[in-house]
Amino acid sequence: MLVVGEAFNIGDALFYAVLFIILMWLVKIVAWKPVTKMMQDRSDKIANDIDTAEKSRTEALELAKQRKEALVNSQAEANEIISKAQQTGDKRRESIINDANLDAKTIKENAEKDIAQQKRDALASTKDDVADLSIEIASKIIQKNLDANDQKTLIDSYIKGLDSHESN
């Protein structure tokens, strides 16, 4: 025990120095290696964490770059799809218009054929009516009953003469 105020005793100092050296030697044997190992492990872990964090940051940057490229590619694909859809729509519109025009032309031709047929039917009906009426009038005028077939033949030849006269 060190007592303040007494004279310095070299034997006590040597004793304390030997005790200190023994204590340091024991500390080195018992605690120093585990503590330095724990400190080295901690240092290695921190270094690994820093490396892992750097690697993760690099991977995150790479993923962000890939996502940006994918976004650009997807936008290009979307634009291409829209362009193709517009072209398809334009072709479909042209096809529909062409089909409608063909249908309208067919309907018009059929209507013209129907009109011509109705005109021919009406003309034939009119010829028959005119023939019958002419026979009646002729019969009354000449007061003579002609044979109906003879009268019809006479009227038909007269009407044919009129048709050929109109076509010239």
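A salt bridge is taken here as a side-chain nitrogen of Lys or Arg within 4 Å of a carboxyl oxygen of Asp or Glu. Lysine 84 and glutamate 80 fit that description, since their side chains meet with N and O 3.3 Å apart. The model in which this pair sits is a predicted one, and the pair makes a handy way into its architecture.

To start with the overall picture, the protein chain has two helices and zero strands. The C-alpha trace stretches over about 190 × 30 × 25 Å along its principal axes. The radius of gyration tells a similar story: the chain comes out at 62 Å, whereas a compact globule of 168 residues would be near 15 Å. Little of the chain is tucked away, with buried residues making up 4% of the 168 residues. About 15,000 Å² is exposed, and carbon and sulfur atoms supply 61% of that area. One pair of positions gives a feel for the distances involved. Alanine 53 and leucine 154 are 101 residues apart along the chain, and their C-alpha atoms are separated by 118 Å. Alanine 53 itself belongs to helix H1, where it counts as partly exposed because its relative accessibility is 45%, between the 20% and 50% limits.

Helix H1 runs over residues 10-142, and two stretches annotated in UniProt can be set against the model. The first is a "transmembrane region", which an unreviewed entry places at residues 13-32. In the model this span is 100% helix and 0% strand, and its end C-alpha atoms lie 25 Å apart. On the surface, Val18, Ile22, Trp25, Leu26, Ile29 and Val30 make up a nonpolar patch, together offering about 580 Å² of accessible area. Isoleucine 22, one of the patch members, is a residue of helix H1. It is classed as partly exposed because its relative accessibility is 40%. That value also clears the cut-off for patch membership, which asks for over 30% relative accessible area.

The second stretch is a "coiled-coil region", assigned to residues 101-128, again by an unreviewed UniProt entry. Here too the model shows 100% helix and 0% strand, and the end C-alpha atoms are 40 Å apart.

Back to the charged pairs. Side chains of opposite charge can pair when their charged atoms come close. A search of the whole structure turns up five salt bridges, among them three that lie within helix H1. In the pair from the opening, lysine 84 and glutamate 80 are four residues apart in helix H1, so about one helical turn separates them. Both ends are open to some degree: lysine 84 is partly exposed at a relative accessible area of 48%, and glutamate 80 is partly exposed at 44%.

Lysine 37 and aspartate 41 form another bridge, with an N to O distance of 3.2 Å. Their spacing along helix H1 is four residues, so they too are separated by about one helical turn. The two partners fall into separate accessibility classes. Lysine 37 has a relative accessible area of 52% and is therefore exposed, as the cut-off for that class is over 50%. Aspartate 41, with 39%, is partly exposed.

A further bridge links arginine 57 to glutamate 54, the closest N and O atoms being 2.9 Å apart. This pair is spaced by three residues in helix H1, so it also covers about one helical turn. Arginine 57 is partly exposed at 46% relative accessibility, and glutamate 54 is partly exposed at 38%.

How values were computed. Residues numbered from 1 in each chain as written. Predicted model: local features only at pLDDT ≥ 70, side-chain atom pairs only at ≥ 80, totals over all residues. Heavy atoms only, no water. UniProt positions renumbered as here; feature names shortened; annotations may be inferred. Patch = residues over 30% accessible without salt bridge, like charges linked within 9 Å, V, L, I, M, F, W, Y side chains within 5 Å. Areas by Shrake-Rupley, 256 points an atom, 1.4 Å probe, with all protein chains shown as cover. Buried < 20%, exposed > 50% of the residue type's maximum accessible area, 1.4 Å probe, protein only. Rg over C-alpha atoms; globule rule 2.2 N^0.38 Å.
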